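Colleague: I'd like to go through this model with you and hear the reasoning behind each label. Could we take it step by step?

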Amino acid sequence: MQPSYGNLDPSTARTYRVLSLHTGPDFTLDAAAALLDTDASAAEELIADLAQEGRLAQTAPGRWHFPGLTGQHARDMASTHDAPEERAAAIARGIDHHLRASAAADLIVNPGRLRIAAAFGLPALNRPAHTSPAAALAWCDTEHTNLLHAQQTAPSQGLDTLAWQFADTLWGWCTHRHNYLAWESVCQTAIESAHTCEDARAEVLATVRLASCRLACGDVPAAATLIAQALQTARASGDRAGEGSAREHAAMCALATGNYSDAIDQCTRGLACWRHITSHRRPEALLERLLGRAYAGLGDHQQATAHLNTALAIFTELNEHYHTARTLYVIATTHLANSPGTRDIEEATILLEQARPMMQGEDHPFSQADLLTALADAHTRAADTGQASACLQEATALQLQLSLPEDHPARIRTSAIATQLATATSKQPPHGTVPDDQDA
């Protein structure tokens, strides 16, 4: 039986009250230390005392929560015994911890991209020890509920300047995991908080990120509307970087609707924005890749090849494994477009096999499934039904892992290739027979 709250020593009682102010369902030692405004060693001792008394329970190794109605009682005690400013300060420390920790993870998930959140420039308190992008993503997978709670709580505490930054610090996790509900929630909260802060640059960033979510879901009209809003805000505030990013996504919308000329125009304008403000080459490479796709759509393969090779060279130079693999994928799919010849199919297969281990190393299941679907297409066209079937099975498993609905564009593409494969397989002669057009 738990001892009466009144019998707790002052330090244990304070720990009990303050930890109940954590914004998520459970917490780690690092989060507890931030809430208590102490170091990890001291927090561990305090947690051990509460756990021994049954006021805290482990949800997993290194994670604790308040069992039953204990959490509500602790919050009631905090409201009774702690001043509002003390409670607000503890909550702010917890939110700040989650923001900085997510920033530390994102720097490993996607090290090369441009960032604007101040959290990336601050010393990361209790920085998680991530040895690879996969490890950082795994941490985000475990912590994402707490991270979302932290962001959603921030505006009610007057911490809008922290709330919008989560759209920047969680960007890598959102795009890798394609958790659309979380992605949308993060961006929508960020847009509202950035608007409250009257931070036009942050509002543009969050709006573009939400548009990217809509594009990933296949809702091009909604994405285009958001991009138009972002462009208007960026141009009104003189945010050339925001305009460049918005035009990149406007080009993606144009590509999705087959408006290749508009895509080229948006890319050209986007490149002008980036070249005006920075020598940072990554966004230029992204636009070069989009230009390659647009010219390929127009049938201008010479221009397409030039832009795609430029993008590939930049990403390779920057050691951007994900985007190098993604560019190889785009080059390969241009070879497979329309009615490719045998050589096109062979070159596409070589490029996709070259990209495959790079993409696997980035722990990006969505793009990995895309690549495997394209590889299945190449193998189907080459009449290698065994390899095609294996690739399709792996792609489908990854899409199911992401819980993509059947009407998602990626699932539709995979299903189309599966139908082509089934047709090709049905036309093959029975085992042990020789086709009429081949020598015995």
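**Reasoning through the labels**

Modeller: Gladly! This is a predicted model. In it, the side chains of R282 and E320 meet in a salt bridge, with 2.6 Å from N to O.

Colleague: What makes the R282 and E320 pair tie together separate parts of the sequence?

Modeller: R282 lies in helix α15 (residues 282-298) and E320 in the loop between α16 (301-317) and α17 (321-336), so the pair links parts that are 38 residues apart in sequence.

Colleague: Why is R282 called buried?

Modeller: Its relative accessible area is 8%, and buried means under 20%, so R282 qualifies. E320, at 10%, is buried as well.

Colleague: Why does the contact of R356 with E353 count as a salt bridge?

Modeller: The N to O distance is 3.8 Å and the cut-off is within 4 Å, so the pair counts. R356 and E353 are three residues apart in helix α18 (residues 342-361), which means about one helical turn separates them.

Colleague: How do you know that C267 has no bond to C253?

Modeller: The closest cysteine sulfur to that of C267 is in C253, 12 Å away. A disulfide needs the sulfurs within 2.5 Å, so this pair is too far for a bond. By this rule the count of disulfides is zero. C140 is in none either, as its nearest cysteine sulfur, that of C174, is 9.1 Å away.

Colleague: And why is E45 called exposed?

Modeller: E45 has 55% relative accessibility; exposed means over 50%, so the label fits E45. E45 sits in helix α3 (residues 40-52) and belongs to a surface patch of negative charge with D9, D39, E44 and D49.

Key. Residues are numbered from 1 along each chain as its sequence is written. This is a predicted model: local features need pLDDT of at least 70, side-chain atom pairs count only at pLDDT 80 or more; totals for chains, interfaces and linings use all residues. Side-chain values use heavy atoms; hydrogens and water are left out. Patches are made of residues with over 30% relative accessible area and no salt bridge: like charges are joined within 9 Å, nonpolar side chains (Val, Leu, Ile, Met, Phe, Trp, Tyr) within 5 Å. Accessible areas come from the Shrake-Rupley method with a 1.4 Å probe; for residues, only the protein chains shown count as cover. Lys and Arg count as positive and Asp and Glu as negative; His and the chain ends are not counted. The place of a charge is taken as NZ of Lys, CZ of Arg, CG of Asp or CD of Glu. Helices (H or I, at least four residues) and strands (E, at least two) are DSSP runs, numbered from the N terminus. Buried means under 20% relative accessible area, exposed over 50%, partly exposed in between (1.4 Å probe, protein chains only).
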